[in-house]
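Please examine the protein shown below. The exchange that follows concerns its fold, its confidence and its salt bridges.

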Amino acid sequence: MSATLPGDDALSERWLTVPDLVDLLGVSPGRVHRLFEERTLLPARVDGVLRVPTEFLDGTEPLPALRGTLIVLGDNGLTDDEAVRWMLTPDDAMGTSPIAALRANRKAEVRRAAQALL
């Protein structure tokens with residue numbers, strides 16, 4: 001992961017720390033870190049602390065369509081911080097942020113945009 005990206009705290013309404021995720025998901029800290037490794041969820045460093053934007057969750061579960069997009073972003077060379085920032089930043093072509101488009105069942109469009117980042 002790269003150094004903390006300034007301004008990330010403003011990209012999401014709410015960020016969840018590992019302890020927050022443990023409570024919300026009802027899993028161990030080790031399981032949370034495995035979700036990160038599997039790219040089911042992806043953290044960024046915000047103020048030096050690993051945090052996940054609430055937009056990456058569907059209630060008390062990781063958003064199902066997120067993993068494939070995160071894998072594409074990683075395969076294209078984006079760091080975790082860069083991938084999280086890309087997911088949360090409004091995209092003119094989509095008319096919204098990639099995560100909002102993903103939540104609106106526009107998975108194919110988001111993945112095409114992610115693949116085009118090469």
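The questions and answers below address this model.

The model is predicted: local features need pLDDT of at least 70, side-chain atom pairs count only at pLDDT 80 or more, and totals for chains, interfaces and linings use all residues. Residues are numbered from 1 along each chain as its sequence is written, and side-chain values use heavy atoms, without hydrogens and water.

Q: What is the mean pLDDT of the protein?
A: pLDDT is the predictor's confidence in each residue, from 0 to 100. Over residues 1-9 it stays under 50. In the protein, 89% of residues reach 70 or more, and the mean pLDDT is 89.

Q: In what pattern do helices and strands follow along the sequence?
A: Helices (H or I, at least four residues) and strands (E, at least two) are DSSP runs, numbered from the N terminus. The protein has 6 helices and 5 strands. Read along the sequence, they give β-α-α-β-β-β-β-α-α-α-α.

Q: How many residues apart in sequence are the parts that aspartate 80 and arginine 39 tie together?
A: The side chains of aspartate 80 and arginine 39 form a salt bridge (a side-chain nitrogen of Lys or Arg within 4 Å of a carboxyl oxygen of Asp or Glu), at 3.1 Å from N to O. Aspartate 80 lies in helix H4 (residues 80-88) and arginine 39 in the loop between helix H2 (29-37) and strand S2 (44-46), so the parts tied together are 41 residues apart.

Q: Are aspartate 80 and arginine 39 buried or exposed?
A: Buried means under 20% relative accessible area, exposed over 50%, and partly exposed in between (1.4 Å probe, protein chains only). By this criterion, both aspartate 80 and arginine 39 are buried.

Note on methods:
Contact means heavy atoms within 4.5 Å.
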